[in-house]
Each structure stands twice: as C-alpha cells, then as structure tokens.
Amino acid sequence: MPKIKLAEKTIELIKEICASFDNKEGELINVLHQVQSKLGYLPAEVQEVIARELNMSVAKVYGVVTFYSFFTMKPQGEFPISICMGTACYVRGAEQVLSEFKRQLKIEVGQTTADGKFSLSSLRCVGACGLAPVVMVGEKVFGRVTSPQVLKIIEEYKEVNVEE
Amino acid sequence: MINLIVDNKPVVVKKGTTVLQAASSIGIEIPTLCHMKLEDMDIENKPGGCRVCVVEVMGRKNLAPACVTLATEGMEVKTHSIRVVNARRTVVELILSDHPADCLICAKSGNCELQDMAHHLGIREIHYKGEQSTYREDTSPAIIREINKCIMCRRCEMMCNEVQTVGVLSAVNRGFNAVVAPAFEMNLDHSVCTYCGQCVAVCPTGALTEVDQTGAVIRALSDPSKTVIVQTAPAVRAALGEEFHMEAGTLVTGKMAAALRRLGFNYVFDTDFAADLTIMEEGTELLGRLSAYMKGDKNVKLPILTSCCPAWVKFFEHQFPELKDIPSTARSPQQMFGAIAKTYFAEKLKLKREELVVVSIMPCVAKKYESSREEFSMNGNPDVDYALTTRELARLINLANIDFRTLPDENFDQPLGESSGAGVIFGTTGGVIEAAVRTAYEVFTGKPLPRLDFEELRGMDGLRKATIDFNGTPINIGIAHGLGNARKLLEEIKAGTSEFHAIEIMSCPGGCIGGGGQPYHHGDVEILKKRQRAIYSEDKNKKIRKSHENPYIKKLYEEFLGEPMSEKAHHLLHTKYFDRS
C-alpha cells in the first residue's frame with residue numbers, strides 16, 4: 001500500500017468533505033464528486049484517505065472511481081473541456097466538434113495539453129439539448145458550437161490567466 | 001406461506017424463498033454458476049449476474065434469474081423449458097466466447113464449474129466470436145490470479161469483503177474492461193491480502209489458484225544429494241480421501257503416510273507432532289501471562305491470541321498493528337516443525353541444513369507465504385522449503401500412479417511423527433484452544449483433567465465462548481473463525497471491553513478443515529462438518545490425548561530444547577510480528 005504523501009491541508013479538506021456527509025459509506029459518490037471538484041482529480045493517495053474516513057476498503061473506492069467515466073485519476077488541465085456526445089448533440093455534429101478540438105489541441109480524449117492549460121473529455125448529456133451541440137469549458141456552457149468556432153473558444157481561454 | 005407451481009408440481013414455501021430454493025425443495029435442481037450458498041454459515045453469493053439460472057415465469061415477458069427471484073403466490077415456473085434451455089446455452093456460450101480455451105493445461109480442469117456447465121449443457125461450438133480479455137497474470141507467494149479466466153461471479157469478492165473483511169478484491173472498471181482486482185490494480189503481494197485462500201476455495205474457474213510447487217518437490221525428490229522429509233497438517237488426513245472419490249470425512253491418515261513413502265520421501269513425519277510442541281510453548285506462555293495477571297501485574301497483555309494461522313497473523317499485522325504484542329509469540333506448527341527438522345533432526349542425521357529438504361502438506365495456501373517469510377530462514381535457507389496444498393498432494397499421488405484407495409495403512413516415522421489427540425484437533429475451529437486447555441489445566445492446577453472432551457468449545461458457530469473452571473479460577477475463552485468474526489473480537493480488545501483470557505482465531509470458515517488448499521467443497525457445508533467429525537474421531541481413538549504426555553515431545557525437551565520458553569526454544573520456536581499498515 002503506498003504511504004499517504006498528501007499535504008496536510010489536502011488531507012484536512014478531504015476529511016471535512018467526508019465529515020459533511022457524516023462519513024457514511026453510502027455517500028461515497030457524493031464525496032468523490034466534491035473532492036474531485038476541489039482537487040480536479042482523484043489520485044490513489046486521495047482515494048486512500050477517503051476509504052479510511054468512510055471506513056471502507058480502498059479497493060471498493062477504486063472500483064467506483066473506475067466505474068464512472070466522470071471520475072478521473074489524472075490531473076485535469078486548468079480549463080477542462082467536455083464535449084457532449086449525448087444523442088441530441090451527436091446528431092447535430094458533436095463528433096466533428098470533438099475532432100476539431102483534438103486537432104487544435106493535439107491531444108486525445110482523456111489527455112491534457114503539455115502546457116497544462118486544457119484537457120479533453122466527452123460526456124453524456126448535460127440537459128441542454130436545445131443548445132446542441134454543447135461544449136463545456138469548466139462550468140461555462142457553449143451552445144450550438146460549430147467546428148469553426150472551436151479555435152475561437154480555445155483562443156479565448158489562452159488569454160486568461162487563472163491566477164488573476 | 002406461498003403456493004407456487006414449479007414444473008407442474010405444487011410447492012409450498014415460506015415468504016422470502018427464492019425460486020431456486022423452492023425448486024430445490026422438491027428435488028428440481030436449476031443449474032447455477034455465480035450463485036453459492038454455504039448453509040448454516042450465513043455465507044451467500046447471489047449477484048444474479050451470470051444468468052445461467054434463468055427460468056420461465058408464466059405471465060412474465062422476460063426470463064427471470066431463479067437465484068434472486070422471490071417466489072410469489074400463484075407463480076408458475078418452468079425451469080427447463082426449451083426457451084430456458086436455449087437461453088441457458090446462449091448465456092454459457094457467451095461466457096465461453098471470452099474465456100481462454102486452455103482446459104488441457106488449466107490447473108482447474110476437472111474441478112471447474114464452468115467446464116462442468118459447458119459439458120452439462122452439451123456445448124460443442126461457440127457461435128460468438130469477439131474480442132478476448134487480455135489481462136496480465138498476477139503471481140504472489142501463494143495465489144495466482146489469471147483474470148482472463150474470471151467470469152465475474154463475484155464469489156471471491158464476497159468472501160474477501162463480507163466474510164473475511166479483508167477488502168482486497170473489488171470489481172473495478174466498466175463493461176468489457178471490468179475485472180475483480182485489488183485497489184489500483186496492484187499485484188496481490190503489494191496489497192493487504194492475507195493469502196487465506198478463501199477466494200481460491202470458491203472460485204468456479206481457474207481464475208484464482210494456488211502457486212503450484214509440485215514441480216519443485218518432484219525435482220527435490222529426484223535429487224540424490226537431498227534428504228527429503230515431509231510433514232502433514234492435521235486437516236489434510238480428513239479431506240485428502242475426497243480427491244480419490246472417497247466419502248467426505250473418511251480418515252486416510254495411514255494411507256496418506258503410505259502414499260508419501262511411495263512418492264519417495266525419506267521420512268514421513270507429522271505436523272501434529274509440532275502441534276503438540278506448539279501447545280507446550282503457547283500453553284506455557286498463556287500460563288505465564290495468566291499467573292502474572294492473577295498476581296496483579298497490570299502490564300500483562302491479555303487476552304492471549306493463538307498464532308498458528310498465517311493468514312490471521314498477516315491480517316492483524318495489516319489491520320491491527322497496535323495489537324501486535326497480544327498474540328502468542330509461538331510460531332505455527334508448520335514453522336516449529338521446520339525449525340526443529342533443520343536443527344535437531346538434521347544433527348541426528350549429521351546433515352547440513354542445505355542437504356535437508358522440508359516439504360509440508362497443508363490444507364492452506366497461506367502456508368506457502370508463511371514458509372517464505374524471511375524470519376523463518378537461516379542464511380537464505382528456509383526452515384520449510386515447500387508447502388503443498390492437499391490438492392497438490394493428490395496431484396502428485398495421481399502422477400505417480402499410486403492407487404490410493406487400496407494402499408495399506410502405514411505409520412509415521414519417528415522422532416517427529418508421534419502426536420497426541422490434542423495435536424490432531426488443531427485442524428478444526430476450537431481445536432487449538434481445546435488442546436491448550438488440556439495441557440494448561442493440568443500444569444496450572446497440578447491435577448489430572450476430570451474429562452478430555454470440551455464440547456462447549458466445539459461447533460461451527462462463527463463466534464463462540466465458554467468459561468472453563470481451572471479448579472476455582474474461571475478462564476474465559478473466545479473462539480472465532482473467519483476473519484470477519486475475528487475482527488469483532490479484536491475491536492473489543494481495542495476498546496478494552498474484551499472479557500476473554502484466551503482467544504483462538506482461525507481465518508477460514510470451519511478452521512483448517514475448510515482451508516483454501518483443501519479439496520473444493522463447491523458450496524457444500526456438509527463436507528466441512530464431516531471433516532470436523534473425522535478430526536474429533538481421530539482424537540478420540542488416540543492413546544495419548546494431551547500434548548504434554550507425548551513421549552517424543554518430552555524427549556525433544558530433554559535432549560535438545562531444555563524446557564518450554566527456554567532460550568533455545570525462544571530462538572527456534574517463537575517469532576515476532578511486524579507493523580504492515
């Protein structure tokens with residue numbers, strides 16, 4: 001078992017999140033959601049802390065993390081880009097949009113650009129089918145995206161410095 | 001009560017009964033693959049995943065899995081209609097379409113439930129050609145995982161999590177990539193696996209098997225420069241016969257000794273001898289701690305816990321390292337035997353330890369791991385060279401074309417082959433502590449025991465307790481088998497609420513008779529009960545039934561060790577534990 005090497009602050013944060021769900025095993029998915037939203041990803045060490053706090057085996061935690069495609073063990077880019085591949089988006093050209101993102105960023109789904117700015121993922125239906133095809137960058141939703149708009153979206157975020 | 005009709009026959013069952021149970025109650029056996037129930041042990045696996053047990057329920061559109069479908073009033077079920085048979089064959093064909101077809105060289109061939117199922121359903125062709133799983137093989141000191149042979153029945157996961165509470169195995173990933181694996185898909189030897197082998201004991205296919213050491217033993221036996229000796233654990237003699245189609249519970253002690261001699265072992269000894277030795281050391285330790293406690297020593301660690309079971313030892317090293325000073329420091333009988341064989345016995349034969357090969361026959365896969373622990377070796381030469389399971393011994397016997405059933409009964413060799421009845425009962429839950437009581441009582445009170453059978457310590461309940469009157473001093477004894485039950489007693493000790501003076505723990509349900517290296521029980525608990533009865537009957541028929549009365553044990557102390565807990569005994573027969581958390 002790898003010994004836990006996380007910063008004290010990170011461990012405290014995970015403990016707080018677990019405590020806010022009464023350290024209940026049944027809340028695992030909610031805990032994972034919150035922890036990932038704070039840390040960006042769920043590395044092995046993080047899963048070990050969660051397992052200990054919820055008094056369950058780390059194998060079970062890993063089982064859930066690997067079952068749901070939403071959870072990731074790899075660090076995400078500063079701006080995680082998700083392309084909806086749900087039925088509505090798909091039929092309105094989401095696939096072409098996705099390949100344009102891949103071409104522009106030179107990465108595949110599940111990867112992060114070398115400068116750590118962008119990562120790419122596909123997801124299933126964000127409930128905004130009227131805006132299909134939908135792209136999300138972080139929390140922001142872009143609707144009726146076409147291939148030519150892809151470069152513009154990327155350029156927009158390249159300018160932004162997240163530290164400010 | 002609920003009335004239903006199964007295959008045109010009326011059945012009355014209690015509420016909560018599954019269709020599978022209802023059918024079984026009138027003698028209709030529905031084939032199952034993932035389902036497994038150990039009656040009376042509260043162990044059941046029914047994920048309803050494999051779909052082999054599907055049946056037709058009149059009025060329902062889809063076929064229903066019998067193992068998870070509850071019987072309802074007026075239900076009409078067809079268990080073997082043509083539609084059902086067709087579906088069942090399709091299901092098994094689909095499972096086989098992603099299963100390696102290497103039955104010819106598979107360790108599980110002949111004992112494989114998937115193979116039996118394919119045979120039963122008369123499958124001669126697999127119509128579905130598709131992708132095949134390719135997952136790396138994982139080899140540990142005791143268990144091999146060949147995940148390509150996994151059918152996701154989840155029995156191992158249930159044993160590992162619910163029964164043993166070890167929590168190493170879980171289903172991970174999704175869809176076609178789903179496998180049962182440790183966290184982060186690490187290898188078993190990096191995980192908190194105890195090697196109890198209960199996953200191996202219930203695996204229906206060859207996905208989980210023991211590390212096969214028969215080849216190494218054959219090489220040792222054919223090496224003229226080696227003297228090869230063998231020890232046999234108590235539970236093996238109560239189960240080995242099953243591998244040769246003998247009735248479960250048949251004692252084959254004499255035939256086993258004869259078979260080992262015919263295989264070419266130079267000396268055929270008995271782990272039961274070392275079990276008697278364990279009692280001398282562990283019993284003395286128990287009495288030492290008890291006397292100190294009675295005299296008011298507040299630092300004394302009680303309860304004392306038995307330490308014969310290597311999976312249990314690894315369990316507390318990982319999960320309760322703060323309690324590592326509580327178990328007895330006595331090594332297990334296997335390791336005591338190895339240490340004595342490579343010193344006392346090697347000296348007698350004027351052999352160097354490297355010239356002596358010690359083989360154990362164990363009901364256990366964790367014993368392979370135990371023998372590989374560094375502290376049980378000297379200058380890189382292990383005290384026990386190879387630990388074979390009961391199943392591996394059966395393979396050797398078959399390989400040498402020995403007709404086991406017609407063998408005469410032969411005796412063990414001396415001086416490491418004599419044992420008392422107390423040594424024999426080490427093979428079942430409750431046995432170690434009963435053996436300890438027989439000796440500790442007499443040493444403590446200075447009086448002969450009024451009786452030898454402690455029925456209150458026997459049985460199959462997962463947690464048992466009894467108070468034995470040591471001539472006016474009540475001694476509280478706890479017994480747990482299955483690591484989940486052990487955990488409950490450990491939590492009490494941690495919380496300071498334990499009422500016990502001594503606790504026996506065995507990792508496997510039933511104790512060693514249900515060990516991970518025993519002939520496969522395929523879910524039949526009756527087999528374990530019969531083995532247990534056989535062990536107690538062997539004890540009953542022994543002339544000597546107390547460890548301290550074993551003449552060869554007395555001689556060993558006189559000639560070599562001095563007395564229990566002596567410096568030499570400490571060096572050779574005791575050990576220490578490690579924090580592995």
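## Close-up views of a predicted two-chain model

**View 1. B:Thr165 sits in the loop between α4 and β10 of chain B.** Welcome to the first stop in this predicted model. The phi angle of B:Thr165 is near 50°, a positive value in a residue other than glycine. For context, most residues other than glycine have a negative phi. With a relative accessible area of 22%, B:Thr165 is partly exposed.

**View 2. Chain B and chain A meet in a contact that takes 19 residues from chain B and 17 residues from chain A.** Between them, the two chains bury about 1300 Å², and 61% of that area lies on carbon and sulfur atoms. On the chain B side, look for B:Asn173, B:Arg174 and B:Phe184, which lose the most area to chain A; together they account for 44% of what that side buries.

**View 3. A:Lys60 and B:Glu157 join their side chains in a salt bridge across the contact.** The distance from N to O is 2.6 Å. The count of salt bridges between chain B and chain A is 1. Polar contacts between chain B and chain A come to 6 residue pairs, with both residues at pLDDT 80 or more. Two elements of chain B, α4 (155-163) and β10 (170-172), each supply at least two residues of the side that touches chain A. Of the elements on that side, β10(B) gives the most, with 3 residues. Sorted by character, the chain B residues that touch chain A comprise 10 nonpolar, 6 polar and 3 charged.

**View 4. A:Cys89 and A:Cys125 are each in no disulfide.** A search of the whole structure finds 0 disulfides over all chains. For A:Cys89, the nearest cysteine sulfur belongs to A:Cys84 and is 3.6 Å away; a disulfide would need the two sulfur atoms within 2.5 Å, so this pair does not qualify. A:Cys89 is buried, with a relative accessible area of 3%. For A:Cys125, the nearest cysteine sulfur is that of A:Cys129, 3.8 Å away. A:Cys125 is partly exposed, at a relative accessible area of 42%.

**View 5. A:Lys106 lies in the loop between α6 (94-105) and β2 (118-123) of chain A.** Here is another backbone detail to look at: phi of A:Lys106 is near 60°, a positive value in a residue other than glycine. A:Lys106 counts as exposed, at 71% relative accessibility. To place this loop in its chain, note that chain A has 7 helices and 4 strands. Along the sequence, these elements follow the pattern α-α-α-α-β-α-α-β-β-β-α. The C-alpha atoms of chain A fill a box of roughly 50 × 35 × 25 Å along the principal axes. Of the 164 residues in chain A, 41% are buried. Among its contacts between residues at least 6 apart in sequence, 61% join residues at least 24 apart.

**View 6. Cis peptide bonds precede B:Pro303 and B:Pro415.** The bond from B:Leu302 to B:Pro303 has omega near 0°. B:Pro303 is placed in the loop between α8 (271-294) and β15 (304-305) of chain B. The bond that joins B:Gln414 and B:Pro415 is also cis, with omega about 15°. B:Pro415 is found in the loop between α12 (390-399) and α13 (421-424) of chain B. As a reminder when viewing these sites, most peptide bonds are trans.

Terms used. Residues numbered from 1 in each chain as written. Chains lettered and ligands numbered in written order. Predicted model: local features only at pLDDT ≥ 70, side-chain atom pairs only at ≥ 80, totals over all residues. Heavy atoms only, no water. Contact = heavy atoms within 4.5 Å. Buried area = accessible area lost by both parts, 1.4 Å probe. Salt bridge = Lys/Arg side-chain N within 4 Å of Asp/Glu carboxyl O. Polar contact = N/O pair within 3.5 Å; in protein donor to acceptor, adjacent residues only side chain to side chain. Nonpolar A, V, L, I, M, F, W, Y, C, P; charged D, E, K, R; others polar. Buried < 20%, exposed > 50% of the residue type's maximum accessible area, 1.4 Å probe, protein only.
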